[in-house]
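Let's take a walk through this model, starting from one small detail and working outwards. Keep the viewer open as you read.

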Amino acid sequence: MNIAATAGPKAEQEPREHGPITRVRVLDGVIRVALVGCGAFVLIATIAILLFLGRAGVRGIQAVGISQLISGVLWKPEADLFGGLPLIVGTFVSAIGAVIVGAIPAMFAAVWANEFASKALCPLYRRTMEVAAAIPSVVYGWLALVYLVPAMESLAHVIRPNQTTSGEGLAAASLLLGIMIAPTVLLLSLDSLSRVPSALRDASAALGGSPWQTAMRVCLPHSWRGIVIALFFGFARAAGETMAVQMVIGGARKLPGDLFSPTTTISTQIVMDMQNAMPNTTGSNVLFSMSLVLLVVSVVVVLFTRGLTRQGRQGRSRRPA
Amino acid sequence: MTNVITVTARTQSNPKLEPHTTKMRVKDLTVCYSAEKSAIRDVTIEVHDKEVLALIGPSGCGKSTFLRSLNRMNDTIDGVTVTGSVELDGEPIYGPNVDPVLVRRRVGMVFQRSNPFPKSIFENVAYGLRIAGEKDRFTIMSKVERALRQSALWDEVKDRLHDSGLGLSGGQQQRLCIARALAVEPEVLLMDEPASALDPIATAKIEDLVSKLRKIVAIVIVTHNMQQAARVSQRTGFFYMGRLVEVGDTMNLFMRPRERETEDYITGRFG
């Protein structure tokens, strides 16, 4: 206050000094170059990965043949047999199973948390799920190996008493993956549901809609795009998960007889075979081919969700202000 | 407090007024959003059948809170406490075992900002019927048409019933919301400043509609606009700082207000 009071009159008495309007800003240029470098680095790394993956993958496909790679049932790299069907079946069945036992319940849990839980409970629930989503997958895998696999073994004994089993297999993998993707799916669904305007909930309530009817007929339809995106992300994460699945899938390189017999998946088989695969051999290239399958799954999911998001944005922009 | 009761008693005994049946009876209603502060205090008023009751008052005077307590919409807000009684045809709507969902099927509501569902025009109007369990397509169709005619929207939308309700103009959207509320055949319709977001022409249509609709449904309308209250209502209540200062015949209230606060408000000295 005092400074301003004394500076005021002084500035009026003395002629004002004008600052220069030209200078060379070295730092701006340096920062710009550094930022462009960072951007280019990430882009080049991604393109390089795609190029190497594509080149080796295509070589693998050429060496083995696409039909053998997709439909062959024997995977024995030591005998140059690369039938990828058990890997593909293991990946997709365990991921779909995870969506059924984990992602879909998580979607309804999000409806509960957003529409029915009290104002105090919902944030608490959300925090807990954020913690659950941040637990490393190896922890989930270890817990599953210690607790889930023995439980599956007991269950298998009840369901089919005549066969021996270790409890490892698709059932354990699906359950584990379901538990792992549930928090992420729940959080994404919750974000989508929380964007439903409260005016629509009021409208439904004022027309005699019960909270359940409002949730199912107004909130879910309004946020279905976000929820479908959440389910697909859950699927993609389950399909790509390696470490945890490795610990409970059993690692048998054959098609599973049922949900309780050991089998394998693309990502776990890559981990199993990589020590023995010499670079630039068919064995190595075929692992890249299988990686391509995973990449295609991810790209389809990304394109699909992008399409849905854009569609949703266009839908909103048609709304008059 | 005493004034309110005498006013109510006076209007009831006034032989010049048309005979009426009481649709809703509110007694000593107090609504608190938190422990310390009440939004409305000891409100006693009646809603008559075949009549438009206008509620006026400055912003924050509690008129919207009062309106939302007539169909238990305040229940959706956490931490609201309600004391006193509200009766619908003699039944207490805050009584034990009362399902607010069923109350709201009989006491409909139209909001300040039009809020059509992102569904077709037809499905917007059919929504209330469907959630009430109506399955018959013919019944739904005829009730949707009737509601759209009642809300003076039918001629404008009859050729595009399956277009999105969000494609309508602001005034049409608000009339769609009125149609949606009318489709379930409520006995009372609550309107919370239904025209305040609309241009004068759309406002005139809504006012015209309100005047006509009182023949089929009792209407309680909250408005900022005193001319609007004078144009559409038979009785008017003036809320100030959470209290109902006075209520009576609309012409009497505007021409010969009995309370100093009412006179100050309607002559524009505050608010």
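In this predicted model, a good place to start is B:Ala54, which sits opposite B:Ile221 in strand E8 of chain B. That pairing belongs to a link between strand E3 (residues 52-56) of chain B and E8(B), where four bridges join the two and the strands run parallel.

Now look at the strand on the other end of the next pairing. Strand E7 (residues 188-192) of chain B and strand E8 (residues 218-222) of chain B also go together in the parallel sense, this time over five bridges. You can pick out individual partners here: B:Leu189 faces B:Ile219 in E8(B), and B:Leu190 has B:Val220 as its bridge partner in E8(B).

So how covered is E8(B)? Five of its five residues are buried, so to speak of it as mostly covered is fair, given that a residue counts as buried if 20 or more other C-beta atoms lie within 10 Å of its own. Both faces take part: B:Ala218, B:Val220 and B:Val222 are buried on one side, and B:Ile219 and B:Ile221 are buried on the other.

Zoom out, and these strands turn out to be part of an open sheet of six strands in chain B, ordered E6-E7-E8-E3-E9-E10, with mixed pairing. At the edges of the sheet are strand E6 (107-110) and strand E10 (243-249) of chain B; each has a single partner strand, so one side of each is left without a neighbour in the sheet. From one strand to the next, the twist averages 20 degrees.

What about chain B as a whole? It has 11 helices and 10 strands. Along the principal axes, the C-alpha atoms of chain B fill a box of roughly 55 × 45 × 35 Å. A compact globule with 271 residues would have a radius of gyration near 18 Å, and the 19 Å of chain B agrees with that. Of the 271 residues of chain B, 45% count as buried. Among contacts in chain B with a separation of 6 or more, 69% come from residues 24 or more positions apart.

Finally, hop over to chain A for a helix pair. Helix H8 (residues 198-206) of chain A packs against helix H9 (residues 211-222) of chain A at an angle of about 150 degrees, with the axes 10 Å apart. That makes H8(A) roughly antiparallel to H9(A), and the crossing of H8(A) past H9(A) is right-handed. The residues making the contact are A:Leu200, A:Arg201, A:Ser204 and A:Ala205 from H8(A), with A:Gln213, A:Thr214, A:Val218 and A:His222 from H9(A).

Definitions and conventions: Residues are numbered from 1 along each chain as its sequence is written. Chains are lettered from A and ligands numbered from 1 in the order in which they are written. This is a predicted model: local features need pLDDT of at least 70, side-chain atom pairs count only at pLDDT 80 or more; totals for chains, interfaces and linings use all residues. Two strands pair if DSSP finds at least two bridges between them. Axes are lines fitted to C-alpha atoms, for helices over the stretch in contact, and angles run from 0 to 180 degrees between N-to-C directions. The radius of gyration is taken over C-alpha atoms; the globule rule is 2.2 Å times the number of residues to the power 0.38. A residue is buried if 20 or more other C-beta atoms lie within 10 Å of its own, exposed if 12 or fewer, and partly exposed in between; C-beta atoms are placed from the backbone. Two residues are in contact if their C-beta atoms, placed from the backbone, lie within 7 Å. Angles under 35 degrees count as roughly parallel, over 145 as roughly antiparallel, 65 to 115 as roughly perpendicular and the rest as oblique. A crossing is left-handed if the near helix is turned anticlockwise from the far one by less than a right angle, and right-handed if clockwise.
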